[in-house]
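Open the model in your viewer and keep the selection box ready. This tour moves from stop to stop, telling you what to pick and what you will find.

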Amino acid sequence: MPNGLFNWTYRDVIEFLKDNNFKFGHEKFGSQEAWINIKTQAVVDINFHGQKSFPPRTLETMIRQSKIDKKIWRTWASR
C-alpha cells in the first residue's frame with residue numbers, strides 16, 4: 001500500500017491511472033508501457049521492472065507526465 005509518494009508498486013500506479021481515466025496505449029521498447037489520457041493528452045511511461053516499488057524520483061516523473069496534481073496522488077494513496 002502506498003504511503004504518500006513512497007512504496008508505489010506497478011499495480012498501484014496502474015490502478016490510480018485507471019481511476020483517473022487513463023487507458024493502456026501500447027507497449028514500448030523493453031518493458032515500458034505508455035498509458036494515455038485522451039482528454040488531457042497526457043502520456044505516462046511506466047517501466048514494468050518487477051521491483052517491489054518505484055523510487056520516489058521515478059514516481060515524481062510519472063506524476064509530472066500525468067498532469068495530475070501531486071495532492072491527488074497522495075490523497076488516493078491514503079484511502
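Is Tyr-10 buried, partly exposed or exposed? Select Tyr-10 and look. With a relative accessibility of 22%, Tyr-10 counts as partly exposed, because buried would require a value under 20%. Keep in mind throughout that this is a predicted model.

**Stop 1: Tyr-10 and its surroundings**

Tyr-10 belongs to helix 1. Now add Phe-48 to the selection. The two residues are 38 apart along the chain, yet their C-alpha atoms are separated by 6.6 Å. Next, show the contacts of Tyr-10, leaving out neighbours within four places in sequence. You should find Glu-33, Ile-46, Phe-48 and Phe-54.

**Stop 2: the inner side of helix 1**

Select residues 10-19, which make up helix 1. Which residues of helix 1 are buried? Colour Asp-12, Val-13, Ile-14, Phe-16 and Leu-17: these are the ones. Then look at what covers them. The cover includes strand 2 (32-37), strand 3 (42-47), helix 2 (56-66) and helix 3.

**Stop 3: helix 1 against helix 3**

Add residues 70-77, which form helix 3. The axes of helix 1 and helix 3 lie 11 Å apart. The angle between them is about 115 degrees, so the two helices are roughly perpendicular to each other. The crossing of helix 1 past helix 3 is right-handed.

Zoom in on the contact. From helix 1, pick Asp-12, Val-13, Glu-15, Phe-16, Leu-17 and Asp-19. From helix 3, pick Ile-72, Trp-73 and Trp-76, which they meet. Colour this contact by residue type. Six of its residues are nonpolar, three are charged and none is polar.

**Stop 4: the core**

Which residues have the most contacts inside the largest nonpolar core? Select Trp-8, Val-13, Leu-17, Ile-46, Leu-59 and Trp-73. The core itself has 19 residues. Helix 1, strand 3, helix 2 and helix 3 each give two or more residues to this core. Helix 1 supplies the largest share, with four residues. As general background, nonpolar side chains in soluble globular proteins tend to be buried together.

Stay on Trp-8 and show its contacts, again ignoring residues up to four places away in sequence. Trp-8 touches Pro-2, Val-13, Phe-16, Lys-52, Ser-53, Phe-54, Leu-59, Trp-73, Trp-76 and Ala-77.

**Stop 5: two asparagines with positive phi**

Select Asn-7, in the segment before helix 1. Its phi is near 65 degrees, a positive value in a residue other than glycine. Asn-7 counts as partly exposed, at 43% relative accessibility.

Jump to Asn-21, just after helix 1. Asn-21 sits in the loop between helix 1 and strand 1 (23-27). Phi of Asn-21 is near 70 degrees, again positive in a residue other than glycine. At 49% relative accessibility, Asn-21 also counts as partly exposed.

**Stop 6: Asn-37 in strand 2**

Where does Asn-37 lie? Select strand 2 and you will find Asn-37 there. Asn-37 is buried, with 7% relative accessibility. Beyond four places in sequence, Asn-37 touches Asn-20, Asn-21, Phe-22 and Ala-42. Asn-21, from the previous stop, is one of these. Now draw a distance to Asn-47. Asn-37 and Asn-47 are 10 residues apart in sequence, and their C-alpha atoms are 18 Å apart.

**Stop 7: two residues of helix 2**

Finish on helix 2, with Ile-63 and Glu-60. Ile-63 is buried, at 6% relative accessible area. Glu-60 is partly exposed, at 23%.

Which residues does Ile-63 touch, not counting residues up to four places away in sequence? Show Leu-5, Ile-68, Lys-70 and Trp-73. On the same count, Glu-60 touches Leu-5 and Lys-70.

Draw two last distances. From Glu-60 to Leu-5, C-alpha to C-alpha, is 8.1 Å, with their positions 55 residues apart in sequence. From Ile-63 to Trp-35, C-alpha to C-alpha, is 12 Å, and these two are 28 residues apart in sequence.

Terms used
Residues numbered from 1 in each chain as written. Predicted model: local features only at pLDDT ≥ 70, side-chain atom pairs only at ≥ 80, totals over all residues. Heavy atoms only, no water. Axes fitted to C-alpha atoms, helices over the stretch in contact; angles between N-to-C directions. Parallel < 35°, antiparallel > 145°, perpendicular 65-115°, else oblique. Left-handed = near helix turned anticlockwise from the far one by under 90°. Contact = heavy atoms within 4.5 Å. Nonpolar A, V, L, I, M, F, W, Y, C, P; charged D, E, K, R; others polar. Buried < 20%, exposed > 50% of the residue type's maximum accessible area, 1.4 Å probe, protein only. Core = buried A, V, L, I, M, F, W, Y, C linked by side-chain atoms within 4.5 Å.
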